[in-house]
Amino acid sequence: MSHLLNVVWGALAAWFFVGLFLGIARRRGWGQTVRKDGPQTHLVKQGTPTMGGAPFVVALLFVWIFNYLQSGIGVVKPQEVVLILSIVLMGIIGLIDDYMIVRAKLTGAAERGGLMARYKIALQITVGLAFGIAAARLAHPTTVDWVFWWDLIFNTFVMVGAVNAFNFTDGVDGLCAGVTLIIILPLLGASPVVAIMAGCIIGYLWYNWKPASIFMGDVGSHALGALAAGAYVLYDHTWLLPIAGIVPVMEILSVSLQVAYFRQTGGKRIFKMTPIHHHFELSGWQEGKVAGRFFAITAVFTALAWGLFGKGQ
């Protein structure tokens with residue numbers, strides 16, 4: 001199946017599965033819990049169905065398995081297997097967190113719920129380490145030297161860092177999905193998984209464009225972070241990711257700087273609120289303007305990364 005057809009089938013599958021899930025989520029009350037200390041304009045989103053990343057990951061698996069069965073075992077590249085496993089496993093970590101938050105809301109628990117941070121990062125590092133080992137072994141199939149160990153550690157760091165950076169990017173309607181779509185576009189012809197997921201993102205955006213009918217939740221942002229990190233690492237473009245992914249990098253850096261400065265100064269802040277997209281919202285930018293300008297920044301930096309440093313893809 002051609003890569004462009006993969007985009008089409010991914011979009012149709014995600015449009016169907018997300019729409020189906022949306023109806024179920026509404027009936028069962030699987031709604032988003034909005035932080036009360038966030039932008040006041042977001043309070044109207046309270047109760048909007050969440051965990052919308054789950055059905056687009058299911059759509060990815062559905063189309064990929066069909067592709068796999070059609071192509072035959074010998075045709076599927078090992079990079080693709082590692083990539084899809086990373087997406088699914090990181091997505092499951094996010095799904096557990098989302099489910100615990102929704103369950104806490106439905107049961108009237110006093111706390112917001114969700115995975116404790118130390119457990120979440122431990123699970124992320126476990127999956128990231130498995131990815132790091134697999135990616136290093138694919139790059140160095142016959143040797144185990146210092147380069148192998150460097151790649152293993154570095155690839156693990158890239159995976160875990162990307163998952164958290166993309167998680168922080170999720171917070172404005174369409175933002176994380178649109179940014180991810182732009183970042184992965186240069187790899188559309190290299191990876192069927194990337195092509196299918198590009199279509200899945202388009203199908204999901206049908207429901208997530210402002211005003212969003214559904215949010216992706218951690219399951220979606222974790223899966224998209226794993227997609228971007230995995231694709232760039234496995235197809236030997238790791239050093240282009242922080243340039244193309246300038247927006248997720250800014251998001252996670254803004255949180256890190258804010259926390260460090262807050263602790264160092266006893267309560268002072270650099271930004272009005274983090275992640276940084278909330279700073280711009282509180283500065284008067286409408287959600288659509290934040291998303292649109294961040295898309296433009298991502299497009300420029302992705303073109304810059306591939307135009308200056310890309311290796312023929």
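Is Asp97 buried or exposed? At 5% relative accessibility, Asp97 counts as buried, a term for residues under 20% relative accessible area, with exposed meaning over 50% and partly exposed in between (1.4 Å probe, protein chains only). The model is predicted, so local features need pLDDT of at least 70 and side-chain atom pairs count only at pLDDT 80 or more, whereas totals for chains, interfaces and linings use all residues. Residues are numbered from 1 along each chain as its sequence is written, and side-chain values use heavy atoms, with hydrogens and water left out.

**Figure 1. The salt-bridge network of Asp97, Lys120 and Asp218.** Side chains of opposite charge can pair when their charged atoms come close. A salt bridge is taken here as a side-chain nitrogen of Lys or Arg within 4 Å of a carboxyl oxygen of Asp or Glu. Asp97 pairs in this way with Lys120, and their closest N and O atoms are 2.9 Å apart. This pair links distant parts of the chain, Asp97 being in helix 3 and Lys120 in helix 4, 23 residues apart. Helices (H or I, at least four residues) and strands (E, at least two) are DSSP runs, numbered from the N terminus. Lys120 also forms a salt bridge with Asp218, again with 2.9 Å between the closest N and O atoms. That contact joins helix 4 to Asp218 in helix 8, and the two residues lie 98 residues apart. Lys120 is buried at 14% relative accessibility, and Asp218 is buried with a relative accessible area of 12%.

**Figure 2. The salt bridge between Glu287 and Lys210.** A search of the whole structure finds 3 salt bridges, including this one, in which the closest N and O atoms are 3.6 Å apart. Glu287 lies in helix 12 (residues 287-309) and Lys210 in the loop between helix 7 (192-208) and helix 8, so the pair ties together parts that are 77 residues apart in sequence. Glu287 is buried, with a relative accessible area of 7%, while Lys210 is partly exposed at 44%.

**Figure 3. Helix 4 and its surroundings.** Helix 4 comprises the 23 residues 117-139. At 1.5 Å a residue it should span 33 Å, and its end C-alpha atoms are 32 Å apart, which agrees; the expected span is 1.5 Å times one less than the number of residues. The buried residues of this helix are Lys120, Gln124, Val127, Gly128, Phe131, Gly132, Ala135 and Ala136. Their cover includes helix 3, helix 5 (146-169) and helix 8 (217-234), where contact means heavy atoms within 4.5 Å.

**Figure 4. A nonpolar surface patch that includes Leu85.** Val81, Leu85, Leu89, Ile92 and Ile96 make a patch of about 390 Å². Patches are made of residues with over 30% relative accessible area and no salt bridge; like charges are joined within 9 Å and nonpolar side chains (Val, Leu, Ile, Met, Phe, Trp, Tyr) within 5 Å. Accessible areas come from the Shrake-Rupley method with a 1.4 Å probe, and for residues only the protein chains shown count as cover. Leu85 is placed in helix 3 (residues 78-107) and counts as partly exposed at 49% relative accessibility.

**Figure 5. The cysteines Cys176 and Cys200.** The structure holds 0 disulfides, a disulfide being a pair of cysteine sulfur atoms within 2.5 Å. Cys176 is in no disulfide, and the nearest cysteine sulfur, that of Cys200, is 14 Å away, too far for a bond. Cys176 is buried, with a relative accessible area of 1%, and Cys200 is buried at 0%.
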